[in-house]
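Work through the exercises below with the sequence and the model side by side. Try each task before reading its solution.

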Amino acid sequence: MRRVAAGTDLETLLSSLDPQAHLAHRHLWLIHLLEWVRGRRDSVPAAVGRVQLFLDAVQSRPDIQVRLQAWWTTLVDHVDITTLLADFGFAPRTALVSELAERVRNKLLPGSPETIDASELFMLALPSEFDAQWLAALEETQLNRLVGLLSGTAGEASPGPSRWHKALLDAITYCAGQILSTGFAPELRLRMSESARDAQPFHALIRDVESLRVEVLHALRTPDRLNEAAQRLRERLEACRAAATTVYTHFEENGISVGLVFRLRQLRERILRVRELLECLLSPKPAVTAARLMAHLVMVGQERRSLRALVASNSSLLAAKVAERSAETGEHYITRTGAEYRAMVRKAAGGGAVMAFTTMIKFGLYALALSAFWGGFWAGVNYATTFVLIQLLHLTVATKQPAMTAPAMAAKLKELGASGAIDSFVDEITHLVRSQVAAVLGNVLVVFPAVIGLAMLFALVVGSPALSEPQALQVFESQHLLGPSLIFAGFTGVLLFVSSIIAGWTENWFVLYRLDSAMHYNPRITGLLGQERAARWARFLRENLSGFAANISLGFMLGLVPAFAGFFGLGLDVRHVTLSTGQVGAASAALGLEVLHLPAFWWAAAALPLMGALNVSVSFYLAFRLALRAQNVSGVDRSRIYAAIRARMRSSPLSFFTPERRTAA
């Protein structure tokens, strides 16, 4: 066989057609032919016109017709098309990780045309979205001519079921087997509703498929019997889909597993595939429905290559659950009355006092001159211990709030269709901003004098300041407004958001595997702790695990991320407004009143409010975007909200900073 290359003209393609060529060369001829049809991929009518040219050229040359029919017969004899019809677009194993690895492999490694798998050949021959467009644009007369040229029947219907119909039946059987296997899996079966399990929709699926096969293949079949068998199969598929959908209700109450969501989505897609195959099987225009199916499979192939689509589609429910968990927690951080506002200030002041000790311990760790990793590790232990202590004391760290309160705000967006909902939402915005201001001020205004007091006490007891003069100047330089501090503060906001994600995921995992119930009732645990203590511990963990996960993860990220970034030469650091304020306070105590004459001090002091704003705004923005996506409210008319916020700022600007005085109801 004479080899041809991409961009070859039609005459060369036709003259190089050899039905006796090696398997790979036969497939390469098909790939090059479709490359010629696509052209520059800029015009669907042009591609359809080239298909017409191909049909005219083949029909005008009987010798080419004979070779084309022989080539097609050899192709369908050696390539298993049922893999394309039944399995293309689905994971070879019902696990998200294996599918992710498979997609990475497909992206990194080239495919070979030397294959009998129609799915692999399909991805090589029709690799672009443009292929779906020109396939869908082909006219019925063109498709019938193409079928006639390939099969040698001139488009006439065969007396019995064709090879195409038999392949469709086999593909339906294979898909039904996969649906049955997934539906019977204990991970899904035990999570279905009791009524769905009692109905047993999956049990008769194969029987209905076999009934359809008999009606299609039987020589004396009648349209009525065939239509009845097809309708029974459709109803059975719908019952299977409805039974699988009840699993989502279990997820809402008991946590979500991404792996199980992946299996459910695969099950739903296979049911849809069977419906498509059934439509092709019963269609009075098989060529048209086949072309439509091929166009759809091209788009499936595009989806099959996308890593982002896989992760997004299968993590959306987990994102929703994480946002929901965070929303429940975030409600506790939003103050709406004067009493709640004052309580927030007190809690933040207490958190600032505790953070003063954290700041001094951090400088003590610096004095040990540990290696980068161990210095970061023990700094993480210091931060995590402090955050957990603040949580147990029911105090507040201001910058941890935005990532929790944003989902609570997004949940309110569901109600925007109601009258007065915009004003109500703006009320929530003012409450939220006011709460953040109270928390940040409570932290910062207490941690600064508290650190100065501790530093002076240290100097009085030890006889030397906690920081030397060069160290104090270095602190001011590291916090300088014109340095990278603001970039680091924004990066710290990202870490704050990540800690909220870890918190929501951990709580979802705890609920999914029912660990609170295990602690409450497990014989070994109750035997060790006793019934009452086990119940208390279970309740305590259920209420506080999310906070523990957020605090511990944030603490270690603040300590270790700079160490790892330094190892890779990235130069990233963290700037947490409360800790930075404490460091400025310690440096000021070391230099005394002379610090007021240093420009570096004022530059560092000027950076602190902006650090706080970036910590809060970045973490809030990321969490709010996640919550918007999870709540499916991305289409909200934001302009109405922004206009309402601007109007509130003009009419009552102080409401964003202090609670309004109003008579208690």
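Glu 507 is buried, with a relative accessible area of 7% (buried means under 20%, exposed over 50%, partly exposed in between; 1.4 Å probe, protein chains only). This is a predicted model: local features need pLDDT of at least 70, side-chain atom pairs count only at pLDDT 80 or more, and totals for chains, interfaces and linings use all residues. Residues are numbered from 1 along each chain as its sequence is written, and side-chain values use heavy atoms, without hydrogens and water.

**Exercise 1.** Find the salt-bridge partner of Glu 507 and place both residues.

Step 1. Apply the rule: a side-chain nitrogen of Lys or Arg within 4 Å of a carboxyl oxygen of Asp or Glu.
Step 2. The partner is Arg 542, with the closest N and O atoms 2.7 Å apart.
Step 3. Glu 507 sits in helix α23 (residues 485–512) and Arg 542 in helix α26 (residues 531–567). Helices are DSSP runs (H or I, at least four residues), numbered from the N terminus.
Step 4. The pair is 35 residues apart and links distant parts of the chain.
Step 5. Arg 542 is partly exposed, at 28% relative accessible area.

**Exercise 2.** Describe the pair Glu 210 and Arg 213.

Step 1. Their side chains form a salt bridge, 4.0 Å from N to O.
Step 2. Both belong to helix α13 (residues 205–217), three residues apart, about one turn of the helix.
Step 3. Glu 210 is partly exposed at 32%, whereas Arg 213 is buried at 19%.

**Exercise 3.** Classify Asp 42 and Arg 40: buried or exposed?

Step 1. Asp 42 is exposed, at 53%.
Step 2. Arg 40 is exposed too, at 71%.
Step 3. The two form a salt bridge, with the closest N and O atoms 3.6 Å apart.

Terms used. Helices (H or I, at least four residues) and strands (E, at least two) are DSSP runs, numbered from the N terminus.
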